[in-house]
Amino acid sequence: MSATTLSVRNLTKTIKKHKVIKGISFELKEGEVFGFLGPNGAGKTTTIRMLVGLIRPTSGTIEICGYDVKKNFTKAMANLGCIVENPELYPYLSGTDNLLHFARMLPSVDAKRIAEVVDMVKLTERIDDKVKTYSLGMRQRLGIAQALLNRPKVLILDEPTNGLDPAGIRQMRVFIRELAEKEGLSVLVSSHLLSEIQLLCDRVAIITKGNIITVDTVESLLSSQEQAIWQLDPSVKGREILESLTEVTTLDDGYMVTPYDSTQIPKWNAALVHAGVQVLQLNRKIPVLEDLFLQLTDTGGAHIE
Amino acid sequence: MNNLILNEMMKLVARKRLLVIGAIVGILVILFTFAQYKEVQTQREKLGSDDWRASLQQQIIDMQNRLGSSRISDDWREQIQVSVQQLQFYLDQDINPSEPGAVTFVRMFIENSSDLFIPLLIMIVASDLVSSEHTLGSVKLLLTRPVKRWRILLSKYITLLMATSLIVAMTGLLSYGLSGIVFGYHGWNAPIITGFLVDGGDVDTSSIRLISQWKFVLMDFGLVWFVAVVVGTLAFMLSVLIRSTAASMGVMLAALISGAILNNMVSSWESAKYLFMVNLKLTNYLNGVAPPITGMTLFSSMSVLLVWWAAALVLSFFVFTRQDVY
Amino acid sequence: MLGKKSVRYITIIAATLSILWLLSFGWAIQDYYATGATDDVVKKQDSSQKTVKKNHMFTVVALGDSLTRGTGDDSGKGYVGYVADELKERFNGNVVVQNLGINGQISSQLKKQVKQPNIQRQLADADIILLTIGANDLFQQGRTLENFDLATIKTIEDAFVENLTTIFTDIRKANPDASIFFVGLYNPFIEVDETGVTSPTVRDWNRTAEEVSSTIPRIVFVPTYDIFQLSVNDYLFTDKFHPNQQGYRLIADRIAPLIKWEGERK
């Protein structure tokens with residue numbers, strides 16, 4: 001098992017007597033991409049800002065590569081690269097000057113390293129132009145370049161694909177995976193889009209209303225929630241047979257829903273056919289985030305895009 | 001630390017703030033030079049000679065006549081009395097208090113701009129030194145580097161001090177360079193009388209000394225710089241406390257302008273002397289101009305300014321190192 | 001790359017300037033509170049030796065009180081202004097007026113003023129000198145009238161004569177050639193004074209003043225008593241003390257024709 005690079009324990013934050021973060025704990029391992037999934041307002045950004053030292057936690061500890069963010073701020077930050085929300089660089093400076101600016105704030109970053117990160121994010125051609133002339137995607141890449149300057153062990157990206165076009169999103173995804181796999185970085189990515197997390201992350205934490213509801217690998221999380229939808233004729237007899245085999249809920253329009261289990265589905269199907277029930281439709285339904293939330297939270301009120 | 005200061009200077013230079021300020025100063029100097037030139041001309045026409053003694057005499061007579069009017073307030077009367085005595089002293093010593101030339105212009109310009117104009121220029125830089133990082137969002141990148149927050153703020157503050165020095169120097173150079181075209185680049189060694197002690201409406205001339213104008217100008221600049229630093233620090237504090245640049249500028253502007261107004265009417269409100277705004281005209285003490293409130297001295301004004309300065313600095317650092325950044 | 005070097009230079013310059021200003025500031029404080037730094041003490045200079053080079057203008061120097069100042073005239077010119085206007089017309093505009101009149105001035109104050117070196121210099125430069133003095137001595141803003149007492153007036157008059165003599169002597173010393181036009185008093189109270197004591201007093205005062213004038217060459221005593229004698233209210237300002245525009249004009253009309261200059265073109 002690889003080393004833990006970021007560990008968060010019992011993190012809470014109270015703003016004006018209102019408990020915004022209610023005790024969050026998780027860990028990041030070397031070389032893994034960790035998703036932070038939750039609706040807007042769930043506390044993703046507040047948590048991330050605590051991780052990078054912008055907000056002081058009310059209680060709990062954050063350690064980056066073993067250094068406490070509160071007690072050993074500079075050492076912790078030396079191992080961290082981050083973009084919080086949009087990469088807000090100085091528009092009136094050129095790309096190089098922006099990188100120079102942040103390089104000067106780091107202990108040992110030379111011109112060679114600057115050239116290296118520029119090359120990594122493929123900005124070499126435009127690097128001497130003023131940032132205000134950059135497209136959003138280029139800014140995002142420059143933001144990542146500055147986050148990589150200090151060869152961080154942990155990279156925190158808050159909504160990295162926000163505002164990018166589909167091609168940009170794809171490039172970003174490939175790039176992040178590369179960083180994790182080739183450079184061994186731990187990457188924490190927050191998003192409110194399940195599809196993004198699904199394609200990018202190894203593990204995911206689902207956060208809503210200041211709580212982490214579940215932390216799991218993407219596959220198990222999704223598969224546990226997969227459903228099979230049946231349309232049977234005659235439906236009454238069909239339901240009796242299915243009910244004898246598994247849990248069934250009947251929808252208003254006569255469709256029946258059972259859990260999806262690839263080993264069992266053929267057997268159920270055979271049983272139905274054997275009893276003379278016609279299977280008109282059998283669909284495997286991959287859950288959307290909304291359903292996931294509704295199922296994971298009792299309240300079910302969270303709004304997901 | 002050096003690197004951090006270089007960063008801040010780079011941003012300052014890149015935003016061309018100093019150039020804008022230079023342009024503002026340049027335009028104002030040109031206007032003032034023209035006004036001064038016109039005044040000299042009308043004076044000459046009126047008196048039929050360019051003898052400064054005649055015009056100084058006329059100035060004294062005019063003031064004496066104003067003293068005769070029953071409608072002027074007591075403070076105003078005292079101030080005029082002081083001026084009359086000083087001008088008479090210059091006349092008796094046969095020293096021109098406003099020797100024509102660029103150096104005299106610089107002295108007048110810097111003295112008159114010390115309580116409003118220069119602070120205003122400093123404000124342009126100071127007000128958004130911190131708040132602009134908030135507006136831009138770059139503060140999130142700045143504060144997530146492995147550098148302690150107080151060092152970041154200190155580098156910004158040192159940059160402010162350096163910008164203040166540059167602006168003060170720029171004002172001096174521009175006013176010398178531009179006014180010299182009209183008035184000639186002389187007057188460095190013109191004698192200036194200093195050491196007038198003002199007590200109510202009376203001038204004590206016992207400790208009076210003559211010094212060269214260049215020395216006097218240098219001292220003026222030192223005092224103006226100090227005032228600029230204090231005002232800059234206050235604007236800097238507001239920039240930390242209020243994240244909107246416009247709002248912090250507004251607050252500072254209101255304070256400065258109210259100071260200019262208060263100066264003319266606070267004489268009976270004695271505790272007003274603890275406000276920083278009425279203590280900005282330090283150069284007046286060198287010139288022996290009566291302070292707006294009796295009992296104010298160079299030392300008291302400086303102490304008041306120092307207290308405000310220290311408080312602003314402490315508060316800035318306290319808030320900046322502790323605040324949550326959203 | 002944004003001139004990395006230039007930023008560095010600007011920073012170095014700025015740092016140097018900061019030190020310079022800080023030192024200047026310290027110096028200013030030190031200098032202000034330094035006591036006993038006596039090597040530069042101002043020495044009284046004899047400025048009377050420095051005379052202004054004579055210009056080619058006809059120079060009028062006016063001395064005295066509010067009448068010279070022109071108080072009561074809506075246009076602010078006063079008799080000095082009207083005299084100057086007329087001279088300007090005659091002398092082709094080559095006229096310079098230096099009005100040194102001060103409101104409320106009395107003879108003892110004028111005596112001091114005339115002794116000032118710079119006033120003496122200006123007097124030396126004058127072609128003619130206009131003078132009004134005494135009204136404030138005599139009337140004391142109306143108080144004389146309220147408590148009329150011959151003995152008091154005698155004391156005032158004696159002092160006045162002494163002052164006036166000194167004033168004339170000093171003016172002559174400064175300028176031996178210029179004509180002096182000394183404007184006499186009128187009686188502003190001629191119509192309100194029921195006891196009739198003021199008129200003789202003013203007349204007596206004028207007589208004394210004229211006598212003093214006659215002791216020194218080239219002094220012209222300009223009477224004004226008669227101008228205001230018959231219809232004083234037509235020529236007085238609303239304060240019932242100073243002349244109004246018309247009153248000043250009449251005084252000026254007396255003086256202007258008497259003034260001659262070799263530069264005058266017919």
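## Close-up views of a predicted three-chain model

**Figure 1. Chain B at a glance.** Of the 326 residues that make up chain B, 47% count as buried. Like everything shown in these panels, chain B belongs to a predicted model. Its secondary structure comes to 13 helices and four strands. Taken along the principal axes, the C-alpha atoms fill a box of roughly 70 × 45 × 30 Å. How does the radius of gyration of chain B sit beside that of a compact globule with 326 residues? Chain B has 22 Å, which agrees with the value near 20 Å for such a globule. Among contacts in chain B with a separation of 6 or more, 78% are between residues 24 or more positions apart.

**Figure 2. Chain A and its assigned domains.** Here we turn to chain A, which carries eleven helices and 14 strands. Its C-alpha trace spans about 75 × 45 × 35 Å along the principal axes. The domain assignment gives domain 1 as 4-79 + 152-222 and domain 2 as 226-286. Between the C-alpha centres of domain 1 and domain 2 of chain A there are 39 Å. Of the 305 residues in chain A, buried ones make up 40%. For contacts in chain A between residues at least 6 apart in sequence, 69% join residues at least 24 apart.

**Figure 3. Confidence along chain A, with a look at the end of the chain.** The average pLDDT of chain A is 83, and 93% of the residues score at least 70. Residues 299-305 of chain A have a pLDDT below 50, and this stretch has eleven contacts in the model beyond near neighbours in sequence. A friendly word of caution applies here: where pLDDT is low, the predicted coordinates should not be read in detail.

**Figure 4. Where chain A meets chain B.** This contact takes 25 residues from chain A and 21 residues from chain B. Which elements give two or more residues to the side of chain A that touches chain B? They are α2 (73-78) and α3 (95-103) of chain A. With four residues, α2(A) gives the most to that side. Sorted by class, the side of chain A that touches chain B has 15 nonpolar, five polar and five charged residues.

**Figure 5. An open antiparallel sheet in chain A.** Four strands of chain A line up in the order β2-β1-β4-β5, forming an open sheet with antiparallel pairing. At the edges stand β2 (18-29) and β5 of chain A; each has a single partner strand, so one side of each is left without a neighbour in the sheet. Following the order inward from β2(A), the eye meets β1 (residues 4-15) of chain A, which pairs with β2(A) in the antiparallel sense over nine bridges. In this view, look for Ile15(A), whose bridge partner in β2(A) is His18(A).

**Figure 6. Gly81(A) and its surroundings.** Strand β6 (residues 80-83) of chain A holds Gly81(A). Is Gly81(A) buried or exposed? Gly81(A) counts as buried because it has 26 C-beta neighbours inside 10 Å. Leaving aside neighbours within four places in sequence, Gly81(A) is in contact with Ala147(A), Leu148(A), Asn150(A), Pro152(A) and Leu155(A). Asp128(A) is 47 residues from Gly81(A) in sequence, and the two are 23 Å apart in space, C-alpha to C-alpha.

**Figure 7. Backbone details worth a second look.** Most residues other than glycine have a negative phi, and most peptide bonds are trans. Cys65(A), in the loop between β4 (59-64) and β5 (67-68) of chain A, has a phi near 50°, a positive value. Cys65(A) is partly exposed, with 19 other C-beta atoms within 10 Å. Lys122(A) has a positive phi too, near 55°, and its loop runs between α4 (111-120) and α5 (136-148) of chain A. With 13 C-beta neighbours inside 10 Å, Lys122(A) also counts as partly exposed. What is the peptide bond from Asp233(A) to Pro234(A), cis or trans? That bond is cis, with omega near 0°. Pro234(A) lies in the loop between β11 (227-233) and α9 (235-245) of chain A.

**Figure 8. Chain C.** The last panel shows chain C, with eleven helices and five strands. Of its 266 residues, 39% are buried. Among contacts in chain C between residues at least 6 apart in sequence, 79% join residues at least 24 apart.

How values were computed
Residues numbered from 1 in each chain as written. Chains lettered and ligands numbered in written order. Predicted model: local features only at pLDDT ≥ 70, side-chain atom pairs only at ≥ 80, totals over all residues. Domains from an automatic or database assignment. Buried ≥ 20, exposed ≤ 12 C-beta atoms within 10 Å, placed from the backbone. Contact = placed C-beta atoms within 7 Å. Nonpolar A, V, L, I, M, F, W, Y, C, P; charged D, E, K, R; others polar. Pairing = 2+ DSSP bridges. pLDDT = per-residue confidence, 0-100. Rg over C-alpha atoms; globule rule 2.2 N^0.38 Å.
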